[in-house]
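Me: I should like to take a close look at a single part of this structure and how that part fits with its surroundings. Please explain it in one connected answer, suitable for a first-year student.

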Amino acid sequence: MVASPQRLGLTAFHYLEEMSLRWLADLLQLPAGMQGIYTSGGSVANIVALGAARQSAFERLGEDPARQGVSLPCRIFASAAAHHTVYRAAAVLGMGRDSVVPIALDGAGRMCPEDLRRRLADCDPSAVKVAIVANAGSTDTGAIDPLQAIGCIAREHNLWLHVDGAYGLPGILDPTCATLYTGLRLADSTCVDPHKWLGAPVGVGAAFVRDRALLQRAFTQEAADYLEGTCSQTTAMHSLDSLGLPYADWGLELSAPSRGVVVWALIREIGKRGLAQRVCRHNAMARRVADRARQGPRLELVLEPTLSICCFRYRDSRWKDLNQLNRQIHRQLIHSGVNMPSTTTVNGKLVLRPCFIGARALWEQADSLVDEVLWIGDRIAGKSTTVTRGELI
Ligand SMILES: Cc1ncc(COP(=O)(O)O)c(C=O)c1O
């Protein structure tokens with residue numbers, strides 16, 4: 001529990017930011033003491049986290065990359081399924097996109113610890129190893145990397161571990177998969193997007209690190225005449241005095257909306273139990289799609305779901321190019337506007353990729369999607385079968 005704003009000397013704005021960040025950390029069972037800042041989303045959260053990793057790696061060499069830039073080539077060891085904003089973060093932070101070393105995936109889309117070990121051993125000795133980036137819910141398939149094994153490797157190599165949970169961190173609320181997050185306790189930074197699975201409006205992400213002082217050194221805008229006195233801790237002469245917490249020095253934004261009030265309101269209204277129920281329902285919807293895809297000859301389950309994403313496709317033995325067929329089905333789905341999954345590629349197969357995260361995504365929609373895929377697929381493949389609701393079960 002956070003003490004009252006008056007006792008902490010915080011404005012209502014800072015009080016709500018701080019309290020809701022604490023609530024988020026508790027909700028998502030982050031390592032004790034992790035401290036957060038809000039961002040506009042996962043893209044910026046990844047920049048913030050990797051900025052902290054870069055600062056930490058170079059400070060250990062006696063350098064300040066925030067002031068001097070990076071003097072040596074860098075390496076970031078990231079799951080081959082890392083979100084592409086990790087590459088952009090490396091570029092923006094002056095390390096370059098080429099500093100990202102993709103680590104091979106296993107058949108279930110998870111980072112292979114053995115390949116990580118190999119890549120670390122093969123790393124150019126003159127390069128600075130900045131971080132390992134693992135997924136807690138990859139964008140393509142929802143795979144959760146073996147965080148415990150990866151965290152142990154990070155510790156052995158004294159390396160920063162960033163866990164990108166922009167989409168998947170709330171999955172920890174589902175008891176059926178909570179143990180997959182055990183290694184989160186070894187993370188040095190993580191991020192989550194309340195605007196994804198937690199139902200906040202777009203523009204609300206959060207990054208967490210173990211020590212925000214590191215963020216201050218990485219991202220401070222430094223003193224400026226136009227800011228002088230506005231944050232005096234001693235003399236409350238100006239309405240902006242004693243603001244307390246320098247959020248503007250911990251991330252990339254100075255002017256920023258109050259994201260804390262949004263997260264505070266949604267957790268206050270729905271509560272942990274309500275959010276957990278929603279996450280469990282969405283995961284069950286992905287499993288429902290998987291069950292139907294597994295049973296019927298006209299569908300193929302391409303990957304067992306881990307969270308609320310299910311990768312499956314329509315199939316027809318007479319059709320040579322199933323990627324093309326499924327692309328056509330996808331176009332028609334989007335055109336009809338009832339069920340609108342996205343697509344991705346898994347082991348060379350173009351798949352339909354429903355990702356159930358919407359607060360209003362209801363159980364029936366899992367069947368509705370499968371029915372529509374069958375109906376459209378049959379029509380394109382020239383089959384005259386009719387699809388009845390929930391068929392094959
Ligand atoms: C795992 C992951 N990381 C980062 C991002 C980027 O997040 P945003 O769109 O909020 O910037 C996404 C977006 O889908 C994501 O799935």
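Reply: Helix α6 passes helix α7 in a right-handed crossing. In this predicted model, α6 comprises residues 113–122, and its axis comes within 10 Å of the axis of α7, the two crossing at roughly 20 degrees. Angles under 35 degrees count as roughly parallel, and α6 and α7 are therefore roughly parallel to each other. Such a description follows a general custom: two packed helices are described by the angle between their axes and the distance between the axes.

The side of the contact that belongs to α6 consists of Pro113, Leu116, Arg117 and Leu120, which meet Ala149, Ile150, Ile153 and Glu156 in α7. By character, the residues of this contact divide into 6 nonpolar and 2 charged, with no polar residue.

Helix α7 also leads to the sheet. Residues 147–156 form α7, which packs on the sheet and touches β4 and β5. The direction of α7 makes about 170 degrees with that of β4.

The sheet itself is open and has 7 strands, in the order β1-β7-β6-β5-β4-β2-β3, with mixed pairing. Its edge strands are β1 (35–39) and β3 (100–103), each of which pairs on one side only. On average, neighbouring strands of the sheet are turned by 20 degrees against each other, direction ignored. Another helix, α5 (residues 85–92), packs on the sheet as well, where it touches β2 (74–79), β3 and β4 (128–135). The direction of α5 makes about 160 degrees with that of β3.

From β5, which α7 touches, one may follow the pairing across the sheet. Strand β5 (residues 160–164) pairs with β6 (residues 189–192) in the parallel sense, over 3 bridges. Here Asp164 stands opposite Cys191 in β6. Strand β6 in turn pairs with β7 in the antiparallel sense over 4 bridges, and Thr190 stands opposite Phe208 in β7. Strands β1 and β7 also run antiparallel, joined by 5 bridges; Tyr38 stands opposite Ala206 in β7.

Is β7, then, buried or exposed? This strand (residues 205–209) is mostly covered, with 5 of its 5 residues buried. Both of its faces are covered: Gly205, Ala207 and Val209 are buried on one side, and Ala206 and Phe208 on the other. Thus Phe208, the residue opposite Thr190, and Ala206, the residue opposite Tyr38, are both buried.

How values were computed
Residues are numbered from 1 along each chain as its sequence is written. This is a predicted model: local features need pLDDT of at least 70, side-chain atom pairs count only at pLDDT 80 or more; totals for chains, interfaces and linings use all residues. Side-chain values use heavy atoms; hydrogens and water are left out. Two strands pair if DSSP finds at least two bridges between them. Axes are lines fitted to C-alpha atoms, for helices over the stretch in contact, and angles run from 0 to 180 degrees between N-to-C directions. Contact means heavy atoms within 4.5 Å. Angles under 35 degrees count as roughly parallel, over 145 as roughly antiparallel, 65 to 115 as roughly perpendicular and the rest as oblique. A crossing is left-handed if the near helix is turned anticlockwise from the far one by less than a right angle, and right-handed if clockwise. Ala, Val, Leu, Ile, Met, Phe, Trp, Tyr, Cys and Pro count as nonpolar, Asp, Glu, Lys and Arg as charged, and the others, Gly among them, as polar. Buried means under 20% relative accessible area, exposed over 50%, partly exposed in between (1.4 Å probe, protein chains only).
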